[in-house]
Amino acid sequence: MDLAKKILNSIAITLPIALSPDDVHGHDKELQKLMDAGVVQRRAALTFPCGACGSYCEIKTLENRERVILCDSCEDARLYTLTDKEGYEFGISLPILLSNLLKELEFSIDNINAFFKDRLWSLGIHDINGTSREILFLRDAQDSEAEIFSFLAQKKASHPIVLSTISQRRLLNTEFILIPIETLLTSRGSGIFSKKRFEEILGRKGQTVSRESTALGSSELVLEKDTLLHSPDGFGNYQREKLEPMEHRIIENLYRRGCADKSKWHSRTEIASWLSVQEKSLSNAFTAIRKISKKVDIEIVEQHKSTKKYHINPDLVPK
Ligand SMILES: [Zn+2]
C-alpha cells in the first residue's frame with residue numbers, strides 16, 4: 001500500500017492534496033482500489049510543467065478543445081499541446097478516506113468532525129471492547145501547535161484512541177498512545193484498512209496479565225511469576241520488569257503477610273527463614289527490589305527507619 005502511505009504522509013502536511021501521474025505510476029492495482037473506494041478521483045489538472053524549464057504553467061483549453069500551455073518562464077516562449085493522457089491529477093479526499101476507515105472497522109460514520117484546520121478530527125464515539133471510546137485522527141501536528149495538545153489533554157480522561165500520521169519515533173508533548181494509521185493499511189481484499197489489525201492492536205488488553213498474576217492493591221503494579229508489570233497504557237499493555245526468583249519470593253511473601261496484617265514488620269532473619277536461605281543471600285535481592293521501586297516510582301518493600309525491619313508498602317495490599 002505504498003500509494004496509500006504516500007497519501008497519508010502527504011495529507012500530514014497540507015490539504016487539499018493531489019497526486020501527479022508520476023506519483024501513481026506503477027501502482028495501478030492500488031490506484032484502482034483507492035478510486036473504487038472513492039478516496040482518489042482522477043480530475044483535470046489546472047497546471048502542467050513546462051518540458052523545458054519545469055515551471056508549472058496554467059493549462060488553457062482552446063476553442064478546438066486542445067489543451068495547451070504557454071511557458072513564459074522560458075526565454076523563447078513555448079507553446080505545448082498536451083496529449084490526452086497529460087494534464088490530469090489524482091485528487092484525494094481525506095473525509096472519504098476517514099469514512100472508509102470507519103466503515104472497514106465496522107463503526108458508524110455519522111460523527112466525523114474536523115477541528116483545528118483539519119489537523120485533528122473526531123471520528124465519533126464507538127463501542128470498543130465493551131467500552132465507549134472516542135476515536136481521534138491526528139495529522140502531523142507540530143509541537144508548537146499548543147491548542148491541539150491542550151484539546152487532547154482535555155480528552156485524556158476519556159482515554160480516546162488516537163490514530164495518527166505521526167511517526168511513532170517522533171516524541172511529542174503528549175502522553176497518548178498513538179496508533180500510526182498506516183499500520184492499519186492492508187493490501188488484501190477490496191478494503192484499504194484492516195479490522196483484524198486494529199483488533200490485534202487493541203486486543204492485547206487483558207492478555208498481558210496472566211491468570212496467576214496478582215494485582216497489588218490500588219497501585220497499577222501486577223506481580224507475575226517472574227515479572228513485575230507496571231505503567232499500563234490506555235489499552236492495558238504493561239511495561240515489564242524482570243524479577244529473579246529470590247526477588248519474587250520476597251515480594252510475594254511480604255505481600256501475603258501484608259494482606260494478613262499490613263502494620264507488621266519483619267526482620268531479615270525472619271524473611272531468610274521463610275525462604276530457607278542464608279540471611280546474607282537476601283542482600284542482592286533487596287538491592288534489586290529497590291532499583292525496580294525507583295523505576296516504577298513506588299516503594300515496593302518499605303524498611304523501618306530504626307528497627308530496619310521490612311514490610312510490603314501498605315498501598316500494595318487490598319484495603
Ligand atoms: Zn518553460
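**Group meeting: a walk through the predicted model**

Hi everyone, let me start with a pair of helices: H7 and H9 are roughly perpendicular to each other. I should say straight away that this is a predicted model. The angle is easy to give: the axes of helix H7, residues 245-260, and H9 cross at roughly 75°, and 65 to 115 degrees counts as roughly perpendicular. The two axes come within 9 Å. Which residues in H7 and H9 meet? On the H7 side they are Met246, Glu247, Ile250 and Ile251, and on the H9 side Ala285, Ala288 and Ile289.

Now let me step back to the whole chain. There are 319 residues in the protein chain, and 24% of them are buried. DSSP gives us 9 helices and 19 strands. If you take the contacts between residues at least 6 apart in sequence, 50% of those contacts join residues at least 24 apart.

How about confidence? The average pLDDT of the protein chain is 84, and 87% of the residues score at least 70. Two stretches deserve a flag. Over residues 168-174, pLDDT stays under 50, and the model has 8 contacts beyond four places in sequence for them. Over residues 204-209, pLDDT again stays under 50, with 12 such contacts in the model. Where pLDDT is low, the predicted coordinates should not be read in detail.

Next, please look at the N-terminal end and helix H1, residues 2-10. Which residues of H1 are buried? They are Leu3, Ala4, Ile7 and Leu8. These four sit on the same side of H1, because they cover an arc of only 135° around the axis. As for partners, the buried residues of H1 pack against helix H2 (21-24), helix H3 (28-36) and strand S8 (88-92).

On to the sheets. Strands of a sheet pair through backbone hydrogen bonds, either parallel or antiparallel. One open sheet here has 3 strands in the order S5-S6-S7, and the pairing is antiparallel. Its edge strands are S5 (60-61) and S7 (78-81), each of which pairs on one side only. Between S5 and strand S6 (residues 67-71) there are 2 bridges, and Thr61 stands opposite Arg67 in S6.

Another open sheet has 4 strands, ordered S14-S15-S16-S17, and here too the pairing is antiparallel. The edges are S14 (214-215) and S17 (239-242), with each pairing on one side only. S14 is joined to strand S15 (residues 222-223) by 2 bridges, and Ala215 stands opposite Val222 in S15.

Last, something for those of you who like to check torsions. Most residues other than glycine have a negative phi, and most peptide bonds are trans. Glu106 is not a glycine, yet has a positive phi of about 65°. Where is Glu106 found? This residue is in the loop between helix H4 (94-104) and strand S9 (113-115). Buried or exposed, then, for Glu106? Exposed, because only 12 or fewer neighbours are allowed for that label, and Glu106 has 9 other C-beta atoms within 10 Å.

Asp297 also has a positive phi of about 65° without being a glycine. You will find Asp297 in the loop between helix H9 (283-296) and strand S18 (301-303). Asp297 is exposed, with 9 other C-beta atoms within 10 Å. And that brings us back to H9, the helix that crosses H7 at roughly 75°. Thanks for listening!

Definitions and conventions:
Residues numbered from 1 in each chain as written. Predicted model: local features only at pLDDT ≥ 70, side-chain atom pairs only at ≥ 80, totals over all residues. pLDDT = per-residue confidence, 0-100. Contact = placed C-beta atoms within 7 Å. Buried ≥ 20, exposed ≤ 12 C-beta atoms within 10 Å, placed from the backbone. Arc of directions from axis to C-beta. Pairing = 2+ DSSP bridges. Axes fitted to C-alpha atoms, helices over the stretch in contact; angles between N-to-C directions. Parallel < 35°, antiparallel > 145°, perpendicular 65-115°, else oblique.
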